[in-house]
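Reader: I want a close look at one part of this protein, a single turn and the strands around it. Please set it in its surroundings too.

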Amino acid sequence: LWVGTEGGGLNRYDKRNGEFTHFIHNPQENSISYDNIQSLLFTSDSSLWIGMSRGGLDRMNTKTGKFVHYSVGNNILLNDHVERIVAEGDSGIWIKYLMARNHLTYLPIKGGKPEHLNFTAPPFQSSGSISDIQRGNGDTLWIASSHQLLIMDVHTREVSFAPYRFSEMDDSSKINILTIFADNVKNMIWIGTNRSGLLMYDIKNQSLYRKADLSKYNAHLIY
């Protein structure tokens, strides 16, 4: 089990013996770039991808324990604040930034140049920013902005609104989305919001439902 921390580096828990192994930044040797970890992704080639605030992106070979660093400095990333990493099959990864929030980067795993996508043009709202991404079924990458749920075709890069045939929200355009989770088995998107509760988007029926309103418990932010 791999555990990323905000300030304590990377930890590996061995379930067989109950022991932890710690990986922290050491400028004197090959090590993790920074100890503030935002996202982890394990890929089929036994690589552990590590997104960090201020540290950019690391690729750890879990068999050898060696790290490869990706950053602004080597012209891979737009900035070194990586908040979310999502796999695109075995071909590459999608990178969402904590800063430069109107951009995504696609990084091929087996070599090739990174592709930077700018989402300041329609249909993306100029007042919004990307809050989360999730890989869906088929050719779909789900993109949550501050106010919209968007669908991107990963092959054509075409972006469209998630259509709402039905919505329990008075004004779906004013939802402040913080995070999303794609349930690709049940074909649903779970949506955590700021002050709109926990929502669920039924992809097949194109319907948006409020599943929980936690404001009565003074809980307004759902991540």
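In the hairpin of β17 and β18, which residue takes a positive phi, and how many residues lie between the strands?

Author: The residue is N187, with a positive phi near 60 degrees. Four residues lie between β17 and β18 in this hairpin. Before going further, a word on the model. It is predicted, so local features need pLDDT of at least 70 and side-chain atom pairs need 80 or more, while totals for chains, interfaces and linings use all residues. Residues are numbered from 1 along each chain as its sequence is written, and side-chain values use heavy atoms, without hydrogens or water.

Start with the two strands that flank the turn. β17 covers residues 177–183. β18 covers residues 188–193. Strands here are DSSP E runs of at least two residues, numbered from the N terminus. β17 and β18 run antiparallel and are joined by six bridges. To count as paired, two strands need at least two DSSP bridges. One position to find on screen is A182, which stands opposite I189 in β18.

Now follow the chain past β18. The next partner is β19, residues 198–202. β18 and β19 pair in the antiparallel sense, with five bridges between them. They also form a hairpin, again with four residues between the strands. Here R195 sits in the turn, with a positive phi of about 75 degrees. I189 is a useful landmark for both pairings. In β17 it faces A182. In β19 it faces Y201.

Go back to β17, as this strand also matters for the largest pocket. β17 gives three residues to the lining, the most of any element. A pocket is an open set of points on a 1 Å grid over the protein atoms alone, where a 1.4 Å probe fits and protein lies on both sides within 12 Å along at least five of seven lines; lining residues have an atom within 4 Å of a point. The lining holds 16 residues in total. Nearest the pocket centre are E83, R101, S131, L178 and Y223. Besides β17, the elements that give two or more residues are β4, β8 (82–88) and β12 (130–135).

β4 leads to another part of the chain. There, four strands form an open antiparallel sheet in the order β4-β5-β6-β7. Its edges are β4 (37–42) and β7 (66–70), each pairing on one side only. Inside the sheet, β5 (residues 47–52) and β6 (residues 56–61) run antiparallel and are joined by six bridges. W49 has R59 in β6 as its bridge partner.

A second open sheet uses the order β1-β2-β3, with antiparallel pairing. β1 (2–4) and β3 (19–23) are its edge strands, and each pairs on one side only. β1 meets β2 (residues 10–14) over three antiparallel bridges. Here G4 stands opposite L10 in β2.

Last, the whole chain. It has 20 strands and zero helices. Of its 223 residues, 44% count as buried (under 20% relative accessible area, taken with a 1.4 Å probe on protein chains only). The C-alpha trace spans about 55 × 40 × 30 Å along its principal axes.

Back to your turn, then. N187 takes its positive phi between β17 and β18. β17 also gives the most residues to the pocket lining, and β18 goes on to pair with β19.

Note on methods
Buried means under 20% relative accessible area, exposed over 50%, partly exposed in between (1.4 Å probe, protein chains only).
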